Amino acid sequence: MYSEKVMDHFKNPRNMGEIENPSGVGTVGNAKCGDIMRMFLDIDENGVIQEVKFKTFGCGAAVATSSMATELVKGKTIQEALQVTNKAVMEALDGLPPVKVHCSLLAEEAIHAALWDYAEKHGIQIEGLEKPKNDISEEEEEEEY
Amino acid sequence: MERVIYLDNAATTQTAPEVVDAMLPFFSEHYGNASTVYGLGSKSKEAISKARETIAGILGAKENEIYFTAGGTESDNWALKATAEAYREKGNHIITSKIEHHAILHTCEYLEKNGFEVTYLDVDESGVVKLDQLKAAIRPTTILISIMFANNEIGTIEPVEEIGKIASEHGILFHTDAVQAFGQVPIDVDALHIDMLSASGHKLNGPKGIGFLYIRKGVKIRSFIHGGAQERKRRAGTENVPGIVGLGKAAELAASTMEERTAKERELRDYLMARVLKEIPFTRVNGSRTSRLANNVNFCFQFIEGESLLIMLDMEGICGSSGSACTSGSLDPSHVLLAIGLPHEIAHGSLRLTLGADTTREDIDLTIEAVKKIVTQLREMSPLYEDYMKKHV
């Protein structure tokens with residue numbers, strides 16, 4: 001079902017984890033649909049993404065697209081990172097099954113959400129970046145067993 | 001090949017070697033068409049009769065009440081569509097449950113588009129159909145009640161005898177999808193007031209592509225497939241003789257080993273459930289703890305998603321299944337898990353493990369260790385787990 005690259009990124013996710021005091025952090029998706037991605041960015045004074053980490057709740061494709069997205073933006077400038085589209089993520093993974101294309105959209109949204117958070121924290125505007133719409137829409141369940 | 005721990009016996013089973021042996025001559029030597037007059041054909045005819053006799057015996061039914069089909073899905077389609085058509089003059093109302101297999105649910109949706117009305121009964125938190133709701137749903141126009149014998153995802157065994165009684169008291173036909181139950185639990189169609197019953201070969205170590213529908217004598221039911229005199233003219237087409245022979249053999253084996261096999265499976269099942277619940281936090285067991293198939297375990301692990309879990313289990317050589325959206329091909333998790341009241345995010349983290357006759361204690365121990373490791377890994381990756389731990393620890 002998945003390409004070798006997807007399986008590789010699922011089995012050995014790159015940049016999984018979190019960054020303490022990140023320059024920007026964004027969370028997209030919602031648990032109801034079964035996918036949540038959180039992206040942490042560390043951006044230096046020159047606007048270069050020095051460090052990036054992710055955490056993901058979701059299927060194999062969700063993990064692989066998150067992992068690939070972090071690789072594609074690491075070391076890039078903010079403007080370059082904005083060019084990392086879901087298509088670019090999919091191509092880098094040698095494609096996704098049609099039902100999983102939404103995972104790559106989430107990866108793109110997660111980068112944008114983290115950049116948006118960075119811009120807000122620093123009181124700046126990033127050209128071409130729109131407010132991410134795909135934020136978690138519901139309060140998380142706190143059920144215990 | 002590396003050894004596989006196969007814990008998806010509710011999806012399908014390995015065909016038993018005895019079954020394969022019984023089938024093989026009907027490909028090579030005894031290939032005659034059962035409808036012919038010469039000796040070669042009569043071999044096939046005899047073999048079909050023998051399989052029919054075996055199955056009828058197991059159910060306490062008569063031979064001429066067993067109709068071979070291409071499997072459980074066809075049997076379900078036939079039972080519903082043909083009954084609906086035959087009893088249309090009496091009424092247009094059908095009662096079923098929210099946790100049926102899609103072979104029933106999608107057929108009901110089809111019938112709704114064709115002028116029938118369907119009531120989908122709720123189930124309680126362990127997946128048991130609500131009998132008071134069933135009684136209240138009965139109308140003068142109700143022609144059929146179709147409730148599964150045991151659920152394929154959560155293993156809950158329904159109160160079939162009570163449902164059968166209610167149906168017969170009201171003069172309503174009762175069909176049960178027994179695909180998961182036939183060969184796993186004793187079934188007597190008279191004692192349980194069952195008028196029609198669907199079953200499939202490949203769930204009981206028999207071949208795929210073969211099943212049967214039991215139809216009580218006297219039930220008006222239309223032919224489903226036209227074009228020949230096979231199956232008392234009700235299901236035309238040259239018989240799948242090797243399949244029928246295999247199904248007969250598998251049913252015979254399943255019935256004769258049932259007590260011993262299910263006792264062993266039940267013990268391993270309870271051990272698996274107990275250890276996982278004890279050793280992995282934020283875990284629940286879905287389905288009834290008392291009225292449950294001996295080979296079925298269904299967990300939900302909070303904060304993780306089922307497909308990831310399945311892929312990682314597969315990497316360890318363990319086959320299971322999940323009711324997560326990603327495995328259902330839609331955005332919604334399993335309708336069964338939602339019907340027992342689970343929120344979407346919990347239902348996404350489900351894992352079904354279904355044991356078989358060959359499952360060993362060692363298989364279960366290895367599986368528990370693998371599940372523990374994988375659930376921990378996936379939780380470390382999960383933003384939901386991170387949020388929960390930050391809030392509560």
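**Exercise 1. A serine between two helices**

Where in chain B is B:Ser382 found? State whether B:Ser382 is buried or exposed, and list its contacts beyond its sequence neighbours.

*Solution.* A word on the source: the model is predicted.

Step 1. Locate the residue. B:Ser382 sits in the loop that links helix H13 (361–381) to helix H14 (383–392) of chain B.

Step 2. Check its accessibility. The relative accessibility of B:Ser382 is 0%. Buried means under 20%, so B:Ser382 counts as buried.

Step 3. List the contacts. Set aside neighbours within four places in sequence. B:Ser382 then touches A:Lys55, A:Thr56 and A:Phe57 from chain A, and B:Phe303 from chain B.

**Exercise 2. Two chains side by side**

Describe chain A, then chain B: elements, extent, burial, contacts, surface and charge.

*Solution for chain A.*

Step 1. Count the elements. Chain A has five helices and three strands. Their order along the sequence is α-β-β-β-α-α-α-α.

Step 2. Test compactness. For 145 residues the globule rule gives 15 Å, and the radius of gyration of chain A is 15 Å, so chain A is as compact as a globular protein of that length.

Step 3. Give the extent. The C-alpha trace of chain A spans about 40 × 40 × 25 Å along its principal axes.

Step 4. Look at burial and contacts. In chain A, 54% of the 145 residues count as buried. Take the contacts with a separation of 6 or more: 62% of them join residues 24 or more positions apart.

Step 5. Look at the surface and charge. Chain A exposes about 7,000 Å², and 45% of this comes from carbon and sulfur atoms. Chain A carries 14 positive and 27 negative charges, with mean positions 6 Å apart.

*Solution for chain B.*

Step 1. Count the elements. Chain B contains 14 helices and 12 strands.

Step 2. Test compactness. A compact globule of 393 residues would have a radius of gyration near 21 Å; the value for chain B is 22 Å, which agrees.

Step 3. Give the extent. Along its principal axes, the C-alpha trace of chain B spans about 75 × 55 × 35 Å.

Step 4. Look at burial and contacts. Of the 393 residues, 59% count as buried. Among contacts between residues at least 6 apart in sequence, 72% join residues at least 24 apart.

Step 5. Look at the surface and charge. The accessible surface of chain B is about 15,900 Å², with 52% belonging to carbon and sulfur atoms. Chain B has 42 positive and 53 negative side chains, and the centres of these sets lie 4 Å apart.

**Exercise 3. The buried face of a helix**

Which residues of helix H7 (residues 160–169) of chain B are buried, and what do they pack against?

*Solution.*

Step 1. Name the buried residues. In H7(B) they are B:Val160, B:Ile163, B:Gly164, B:Ile166 and B:Ala167.

Step 2. Place them around the axis. They cover an arc of only 160 degrees, which means that they lie on the same side of H7(B).

Step 3. Find their partners. The buried residues of H7(B) pack against helix H6 (131–137), strand S5 (142–146) and strand S6 (173–177) of chain B.

Step 4. See what follows the helix. After H7(B) comes B:Gly171, with a positive phi near 65 degrees.

**Exercise 4. Positive phi without glycine**

Find the loops that hold B:His193 and B:Phe282. Compare each with the burial cut-off.

*Solution.*

Step 1. Take B:His193. Its phi is positive, about 55 degrees, although it is not a glycine. B:His193 lies in the loop between S6 and S7 of chain B. Its relative accessible area is 26%, so B:His193 is partly exposed.

Step 2. Take B:Phe282. This residue is not a glycine either, yet its phi is positive at about 55 degrees. B:Phe282 lies in the loop between helix H8 (241–279) and strand S9 (283–285) of chain B. Its relative accessibility is 19%, so B:Phe282 counts as buried.

**Exercise 5. Two strand residues**

Which strands hold B:Ser200 and B:Thr96, and what do these residues touch?

*Solution.*

Step 1. Take B:Ser200. It belongs to strand S7 (residues 196–200) of chain B. With a relative accessible area of 4%, B:Ser200 is buried. Not counting residues up to four places away, B:Ser200 touches B:Gly72, B:Val179, B:Ile210, B:Gly211 and B:Leu247.

Step 2. Take B:Thr96. It belongs to strand S3 (residues 93–97) of chain B. B:Thr96 counts as buried, at 0% relative accessibility. Beyond its neighbours within four places, its contacts include B:Ile104, B:Cys108, B:Val118 and B:Tyr120.

Note on methods: Residues are numbered from 1 along each chain as its sequence is written. Chains are lettered from A and ligands numbered from 1 in the order in which they are written. This is a predicted model: local features need pLDDT of at least 70, side-chain atom pairs count only at pLDDT 80 or more; totals for chains, interfaces and linings use all residues. Side-chain values use heavy atoms; hydrogens and water are left out. Helices (H or I, at least four residues) and strands (E, at least two) are DSSP runs, numbered from the N terminus. The radius of gyration is taken over C-alpha atoms; the globule rule is 2.2 Å times the number of residues to the power 0.38. Buried means under 20% relative accessible area, exposed over 50%, partly exposed in between (1.4 Å probe, protein chains only). Contact means heavy atoms within 4.5 Å. Accessible areas come from the Shrake-Rupley method with a 1.4 Å probe; for residues, only the protein chains shown count as cover. Lys and Arg count as positive and Asp and Glu as negative; His and the chain ends are not counted. The place of a charge is taken as NZ of Lys, CZ of Arg, CG of Asp or CD of Glu. The arc is that of the directions from the helix axis to the C-beta atoms.
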